Amino acid sequence: MDEKRKECELALDLLPLYLDGKTGEESDAFLAQHLKECENCRAVQELLRRELPLQVRKKEPKRKRLRISKGWLFVILGLAVYLAVLAGIVWTILYSMVSSIM
Ligand SMILES: [Zn+2]
């Protein structure tokens with residue numbers, strides 16, 4: 001019983017790092033095994049997993065938003081150029097078709 005409590009303490013210590021992807025192979029293996037066997041730690045893992053992304057989002061909302069909007073700007077710009085080129089091609093084809101019929 002004591003052995004198990006020690007394992008739980010270790011597992012709970014490692015969990016935040018584990019969910020952050022900062023644990024090494026050995027810790028990963030230990031945690032994966034322990035979480036399979038221990039319902040308590042699994043529950044804690046679920047809680048942390050739900051909370052961690054929220055914390056990350058709260059910490060850097062501005063930077064992320066800026067990055068996304070910049071990305072979208074390029075996408076929209078690229079799309080606009082693409083559509084303009086496409087419209088030009090279609091227009092040229094239509095124009096040559098119409099003028100050949102006339
Ligand atoms: Zn445990």
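Biologist: How many helices and how many strands does the chain have?
Modeller: This is a predicted model, in which local features need pLDDT of at least 70, side-chain atom pairs count only at pLDDT 80 or more, and totals for chains, interfaces and linings use all residues. Residues are numbered from 1 along each chain as its sequence is written. Helices (H or I, at least four residues) and strands (E, at least two) are DSSP runs numbered from the N terminus, and from that end the elements run α-α-α-α. The chain has four helices and zero strands.

Biologist: How many Å does helix α1 reach from its first C-alpha to its last?
Modeller: Helix α1 covers residues 2-20, which is 19 residues. The expected span is 1.5 Å times one less than the number of residues, giving 27 Å for α1. Close to that expectation, α1 reaches 28 Å.

Biologist: At which residue does α1 bend?
Modeller: A bend is the angle between axes fitted to the seven residues ending at a residue and the seven starting there. In α1 this angle is about 40°, and the proline P16 follows within four residues of the bend. The bend lies at L14.

Biologist: Is K4 buried or exposed?
Modeller: K4 has its place in helix α1. A residue is buried if 20 or more other C-beta atoms, placed from the backbone, lie within 10 Å of its own, exposed if 12 or fewer, and partly exposed in between. Because K4 has 12 other C-beta atoms within 10 Å, K4 is exposed.

Biologist: Which residues make up the largest nonpolar core?
Modeller: A nonpolar core is a set of buried Ala, Val, Leu, Ile, Met, Phe, Trp, Tyr and Cys residues joined through C-beta atoms within 7 Å. In soluble globular proteins, nonpolar side chains tend to be buried together. Here the largest core has five residues, namely A11, L15, Y18, L31 and C41.

Biologist: Which element gives the largest share of this core?
Modeller: In α1, the residues A11, L15 and Y18 are buried, and these names also appear in the core. The largest share, three residues, comes from α1.

Biologist: At roughly what angle do the axes of α1 and helix α2 cross?
Modeller: Axes are lines fitted to C-alpha atoms, for helices over the stretch in contact, and angles run from 0 to 180 degrees between N-to-C directions. Helix α2 spans residues 25-37, and its axis comes within 10 Å of that of α1. The contact (C-beta atoms, placed from the backbone, within 7 Å) is made by E7, A11, L14 and Y18 of α1 and S27, D28, L31 and H34 of α2. The axes cross at roughly 120°.

Methods: Contact = placed C-beta atoms within 7 Å.
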